[in-house]
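This briefing covers a protein model with a bound ligand. Please look over the sequence and the structure before reading the points below.

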Amino acid sequence: MSRGDARTRARDPRLRALASGRGGRTEGDRDPRRDPEDAKRKDHAPAAPRARAGAPRRRYFDAGIGRLSGERAREQQLLAGMIRIRRFEEKCAELYGQQKIRGFLHLYIGQEAVAVGVMAALEPDDAIVGTYREHGHALARGIAAGAVMAEMYGKREGASGGRGGSMHIFDTAKRFYGGNAIVAGGLPLAVGLALADKLQNRPRVTVCFFGEGAIAEGEFHESLNLAALWKLPVLFVCENNLYAMGTALARSESETNLCVKAASYELPAWSVDGMDVRAVAETARRAVVAVREDGPLFLEARTYRFRAHSMFDAQLYRPKSEVEEWKKRDPIAGFAARLRAEGLLDDAELAGFEAAADAEVASAVEFAENGSWEPVEDLARHVYCEREAP
Ligand SMILES: Cc1ncc(C[n+]2csc(CCOP(=O)(O)OP(=O)(O)O)c2C)c(N)n1
């Protein structure tokens, strides 16, 4: 070792700790492997939202018990938004069985509070990048249910002209940039969108949704690094549902605390209960303000998917009892009960939201059924840009 290396090591407490055999942890750090909460997470028990150490404390904010303004209309809107997504996706599962929808279909059922809570914090000019589980993101952003359903059918009237299908919903007017089939593929796109906004002095935020599986990809690390380095206005929303297809988080990651990973790129890293729409909405509101002012932020939403990974999945990798445990925390039933108890919702209002969602879904199906197929002559269109080169 050169004298320069030795001097660097002496200055950096983490390197000193490595040299002393403490695995890179400094005295101030807690060892997640000895922490009972983290031990629970490794067993995939529903974990209470919690901030933890690993970087300067002020960087963490745990808003699992946050509360919105209490305004009746605003709270009810969150509930109605979730019901709408649930009903839409239940219908999609049915249509898939009838082969009206083909290819892959990844349902968002169980995770509705994340999309609805985060979208409530955004302005029309802000941009969104979703994953292949993005029907919920698209609906929460206000893309017409008919356009989303027609895309599922592969019809020309679909949001992406029927060429994308369920994994590639796209709507520039809503600044909704996919729908991405590639795990972590959306992160660099979000960084690019935010870089463009920053270079052109536009006060916009880009929100990027991704699953915890994306954290194993190089694109996650490259994107967080560049976003932090260039102070880009990106809100990275990691929907941690504990499984990447059949792979549990603890089977693929030595560090299961995702905030620690994000904080290592010098991003503020927050964690929120993704089954609690009120907490998500309030945390996202604060996060978006912070991103507009200071640059990128990582938000982990701890959530769970109630259905299989996709329509082809025997779910042998998780016990049924675990799914049942999480279903007790259903974001819709739980929030409806809470609003009722607080006098912010009555039975007639709830029935009204359910009926409105059913009617909207029925008319979306009708729209898709009546849609048209793209003519074969158009097959090679949209492969190359049709504009003249400048
Ligand atoms: C780069 C890449 N590798 C592998 C796949 C296959 N694949 C599809 S979904 C998936 C799991 C992703 O899990 P996660 O990111 O946690 O999202 P979730 O399905 O839980 O919402 C994998 C590995 C892919 N689509 N892209």
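**Helix, ligand site and loop**

Q99 follows helix α4 and has a positive phi, near 60°. The model is a predicted one. The points below take up α4, then the surroundings of the ligand, then the loop between α7 and α8.

**Helix α4**

- Helix α4 covers residues 72-97, which makes 26 residues.
- At 1.5 Å a residue, α4 should span 38 Å, and its end C-alpha atoms are 38 Å apart, so the expected span and the model agree.
- After α4 comes Q99, the residue with the positive phi.

**Ligand: location and shell**

- The ligand sits in the largest pocket.
- Around the ligand there are 15 residues, of which Y132, R133, G213, N241 and Y243 come nearest.
- By class, the shell around the ligand consists of eight nonpolar, four polar and three charged residues.

**Ligand: polar contacts and cover**

- The side chain of Y132 has an N or O atom 2.5 Å from an oxygen atom of the ligand.
- Y132 is also one of the residues that come nearest to the ligand.
- V183 contributes a polar backbone atom, which is 3.1 Å from a nitrogen atom of the ligand.
- Y243 likewise offers a polar backbone atom, here 2.9 Å from an oxygen atom of the ligand.
- On its own the ligand has 590 Å² of accessible area, and the protein covers 73% of that area.

**Loop between α7 and α8**

- Helix α7 takes in residues 145-153 and α8 takes in residues 186-199, with G179 in the loop between them.
- G178 and G179 are joined by a cis peptide bond, with omega at about 20°.
- R175 lies in the loop between α7 and α8.
- The phi of R175 is positive, near 55°, although this residue is not a glycine.

Notes
Residues are numbered from 1 along each chain as its sequence is written. This is a predicted model: local features need pLDDT of at least 70, side-chain atom pairs count only at pLDDT 80 or more; totals for chains, interfaces and linings use all residues. Side-chain values use heavy atoms; hydrogens and water are left out. Helices (H or I, at least four residues) and strands (E, at least two) are DSSP runs, numbered from the N terminus. The expected span of a helix is 1.5 Å times one less than its number of residues. A residue is near a molecule or strand if one of its heavy atoms lies within 4 Å of it. A polar contact is a pair of N or O atoms within 3.5 Å; within protein, one must be able to donate a hydrogen and the other to accept it, and residues adjacent in sequence count only if both atoms are side-chain atoms. Accessible areas come from the Shrake-Rupley method with a 1.4 Å probe; for residues, only the protein chains shown count as cover. On a 1 Å grid over the protein atoms alone, a cavity is a set of points where a 1.4 Å probe fits but cannot get out, and a pocket is an open set with protein on both sides within 12 Å along at least five of seven lines; lining residues have an atom within 4 Å of a point. A molecule sits in a cavity or pocket if more than half of its atoms lie within 2 Å of its grid points. Ala, Val, Leu, Ile, Met, Phe, Trp, Tyr, Cys and Pro count as nonpolar, Asp, Glu, Lys and Arg as charged, and the others, Gly among them, as polar.
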